[in-house]
Structure formats: C-alpha cells, structure tokens
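Trainee: I'd like to zoom in on one part of this structure and really get to know it. Could you walk me through a single helix and what it packs against?

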Amino acid sequence: MNMIGMHFNNSNWPYILHAIRSWCIVVLVGWPPLCWTLQTILEKFLPGQAGAIVLLLVLLTAIFGGLFIPVYVVGRKYE
C-alpha cells in the first residue's frame, strides 16, 4: 500500500495507526463545535446556498487534510 512519496511498512505502521486513531478521537470531539461555529459565521456573510457550498468545501478540506497530512508526515518520519 502506498501514498505518493511514502510507503507503508512494518516500521512506520504503528505510528500511522496511532495518528489515525488520534485523528478519529479529535474529530469526534471537535467536529460538532467546529461545524456549528462555521455555520453560524457563514450564515451572517453568505446566506442560502452559497454559504452551504462554502461550508461543505471548508469542512471537506478540514476532514481530508486532517487525515492525510498527519498520516503522511508520520509515515515519512518513521519510514
């Protein structure tokens, strides 16, 4: 299994697994307040469908960036 520029192997797998588990816990705890805060802020500046699209893009970027960037950094560090 590979990511661009990084290979998963037995030496870095425990650290990657720890990063993914930590990310899952942080998302479960931090997602509702983050989503609510962004939604209330965006409703003031972008009401309607434009605000929903911006909210979706910001939240998807936060989720995928929050997952893949730590996995990549940890995997490269212990490769």
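Mentor: Sure, and one bit of vocabulary before we start: helices here are DSSP runs of H or I with at least four residues, numbered from the N terminus. With that in hand, you can place Gly48, which sits in the loop between H1 and H2. Keep in mind that this is a predicted model. Gly48 is exposed, because its relative accessible area is 57% and the cut-off for exposed is over 50%. Look back 17 residues along the chain to Trp31, and the C-alpha atoms of the two are separated by 22 Å.

Now for our helix, H2, which covers residues 49-77. At 1.5 Å a residue, its 29 residues should span 42 Å, and the end C-alpha atoms are 42 Å apart, so the two agree. Still, H2 has a bend of about 25 degrees at Gly65.

Which residues of H2 are buried? They are Gly51, Leu55, Leu59, Leu67, Val71, Val74 and Gly75. Their cover includes strand E1 (2-3), strand E2 (6-7) and helix H1 (13-45). Here's a handy idea: an α-helix has 3.6 residues a turn, so residues three or four places apart point the same way.

Let's see how the two helices meet. The axes of H1 and H2 come within 10 Å and cross at roughly 160 degrees. That angle is over 145, so H1 runs roughly antiparallel to H2. Among the residues making the contact are Tyr15, Trp23, Trp31 and Leu38 of H1, and Leu55, Leu59, Leu67 and Val71 of H2. As for handedness, the crossing of H1 and H2 is right-handed.

Notes: Residues are numbered from 1 along each chain as its sequence is written. This is a predicted model: local features need pLDDT of at least 70, side-chain atom pairs count only at pLDDT 80 or more; totals for chains, interfaces and linings use all residues. Side-chain values use heavy atoms; hydrogens and water are left out. The expected span of a helix is 1.5 Å times one less than its number of residues. The bend at a residue is the angle between axes fitted to the seven residues ending there and the seven starting there. Buried means under 20% relative accessible area, exposed over 50%, partly exposed in between (1.4 Å probe, protein chains only). Contact means heavy atoms within 4.5 Å. Axes are lines fitted to C-alpha atoms, for helices over the stretch in contact, and angles run from 0 to 180 degrees between N-to-C directions. Angles under 35 degrees count as roughly parallel, over 145 as roughly antiparallel, 65 to 115 as roughly perpendicular and the rest as oblique. A crossing is left-handed if the near helix is turned anticlockwise from the far one by less than a right angle, and right-handed if clockwise.
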